[in-house]
Amino acid sequence: MSWKHKITLFYICILCYFNHAMLNAQVDQKRQARADSIENLLPNLKDTSLIIANIKLTNFYLEFKPVKALGFAKNNIAVMRKSKNKNWVIKGWNNYLQTEYYFGSVDTVLSYQEECFKLALDQKDTASYCNFMITFASANDKQNKSTEAVKLNIQAATLATKHNIPKICSRAYHNIGTNYLHKSEYDVAIDYFLKAREYKLKEKEEQALASTLMSIGICYAELGSLDSTKKYFLEAEKIALKFNNNKTLASISENLANVYMLEKNYDKARVFYLKSLKAKEALGDKHELMLTHSNLAGFFLTLNDPTQALHHLEISSNLNSEFNDLLIEQINFEHFASAYSQKKDYEKAYLFSKKQIDVINKLNKKESAKQIAEMNSKYESDKKQLQIDQLNIETNFKNEEIKHQRNISTLISFLGILILVFAIVLFVGFRNKRKANALLSRLNSELEHKKTEIEHQNQELSQKNKEILDSIYYAQRIQNALLPSFQFIGKTINRLIKND
């Protein structure tokens, strides 16, 4: 190719680059204009509309103005607690918790656990309840509470399986795998990653699948199974290339390069290091570029090519001037010393070895300070946990005491009521008995009076009967004295009959 063709091609490339940049700028301007218009409408919005607007603004600003994004997310809290549209309230809480998690505010995230769980349960929203569990599991994992994190993720996966929500199952199983990966339990981690892979394949979540495949590859790398490592890394690479996902591609390519380095397959290692470098350049991530150039320096030192190694070390060191990463600085100084040693420039090699030792001392001091800080933090955390446990014990004791007192009060009240009822029954019985006795006494008195009257009447009747009988007897005597006897009359009648 002639120099004219080269110049023409160069100008075409520049023109394409500027066109692409202008298009991106136009898209960014449109998005910014839309965000500004939504922001201007905020004072006039209420309830659901305000929640939606804050969510959109949070998502927009999170990439380049994260503090402003957090402000919009926080503004939603008061609105969500008053809103009646609980579906959007749940979305608002998810948005807010993800933003706080982005800032590393895991304590803040965990402080809303009970409120979010109650909201999802009240709405009977199983998917949101599972999502909340996964979010809080991630927060617990950040606090090195892996047991609690695994527990929450397993609960989410179990519930999602029961209600047939495969996307949540894949997320939960992937997170459980990550928990066990951090605990160096690689076989267990692989089992859970494979479960996540199964669900992601069913749901055709290809981009998310790349992350799971890469995690499986890392587990096999730690177990020393390089063939399995390459198999899963290469599967993940295909997906990353398909979706032009430079971030995933950069990570996978660098991991594959490291695997090929272990196999001493330097040609393939070079290919994948350069792929990683290209992907990171496309991302514009200076910190990652710094790491890759440092790795490339190590690669060229292995090939005994100090010139190329020094070239990449210069780039890595220049990039590190922005970050002041002591660990990378120490590695670079070690590589500088090795490179100059290969070039037989022992003076410079000695100088860089000395610099490396100085950085190691700084790192040791920093590590010691970090360990002391961690120990203090752990002490304060344990102390706080002890106070919380003690407070919980006191609270439980007080609750038990209150419960006991309440039971005693209930028993006393019951006994009091029982005694009162018994007293009332006795009183009513006594009063009824007294009334009955009074009535009986009155009836007896009346009976005695009537008995007396009857006896008096009987006496009067007896007297009158006697008088009547006496009269009858007296009349009979007079009659007997005046009239003939029955015998005489009989004889007289018989004589008369005979005379006739």
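Biologist: In this predicted model, is Arg 81 buried, partly exposed or exposed?
Modeller: Arg 81 has a relative accessibility of 49%. Buried would require under 20% and exposed over 50%. Arg 81 therefore counts as partly exposed.

Biologist: Which residue forms a salt bridge with Arg 81, and where do the two partners lie?
Modeller: The closest N and O atoms of the pair are 2.8 Å apart. Arg 81 belongs to helix H3 (residues 66-82), and its partner, 34 residues away, belongs to helix H6 (residues 113-122), so that distant parts of the chain are linked. At a relative accessible area of 31%, this partner is partly exposed. The residue is Glu 115.

Biologist: Which residues are linked with Lys 230 in a network of salt bridges?
Modeller: One salt bridge joins Lys 230 to a residue of helix H12 (residues 226-242), 3 residues apart, with the closest N and O atoms at 3.9 Å. In another, the closest N and O atoms are 3.0 Å apart; because that partner sits in the loop between helix H13 (246-262) and helix H14 (266-283), the pair ties together parts 33 residues apart in sequence. The residues linked with Lys 230 are Asp 227 and Glu 263.

Biologist: Is Phe 414 buried or exposed?
Modeller: Phe 414 lies in helix H18 (residues 346-482). Together with Leu 411, Leu 415, Leu 418 and Ile 419, Phe 414 makes a nonpolar surface patch of about 520 Å². Its relative accessible area is 52%, so Phe 414 is exposed.

Biologist: Where is His 312 placed?
Modeller: His 312 is buried, at 7% relative accessibility. Among its contacts are His 293 and Phe 300. Its place is in helix H16.

Conventions. Residues numbered from 1 in each chain as written. Predicted model: local features only at pLDDT ≥ 70, side-chain atom pairs only at ≥ 80, totals over all residues. Heavy atoms only, no water. Helix = DSSP H or I, 4+ residues; strand = E, 2+ residues; numbered from the N terminus. Buried < 20%, exposed > 50% of the residue type's maximum accessible area, 1.4 Å probe, protein only. Contact = heavy atoms within 4.5 Å. Patch = residues over 30% accessible without salt bridge, like charges linked within 9 Å, V, L, I, M, F, W, Y side chains within 5 Å. Areas by Shrake-Rupley, 256 points an atom, 1.4 Å probe, with all protein chains shown as cover. Salt bridge = Lys/Arg side-chain N within 4 Å of Asp/Glu carboxyl O. Lists of a residue's contacts leave out its neighbours within four places in sequence.
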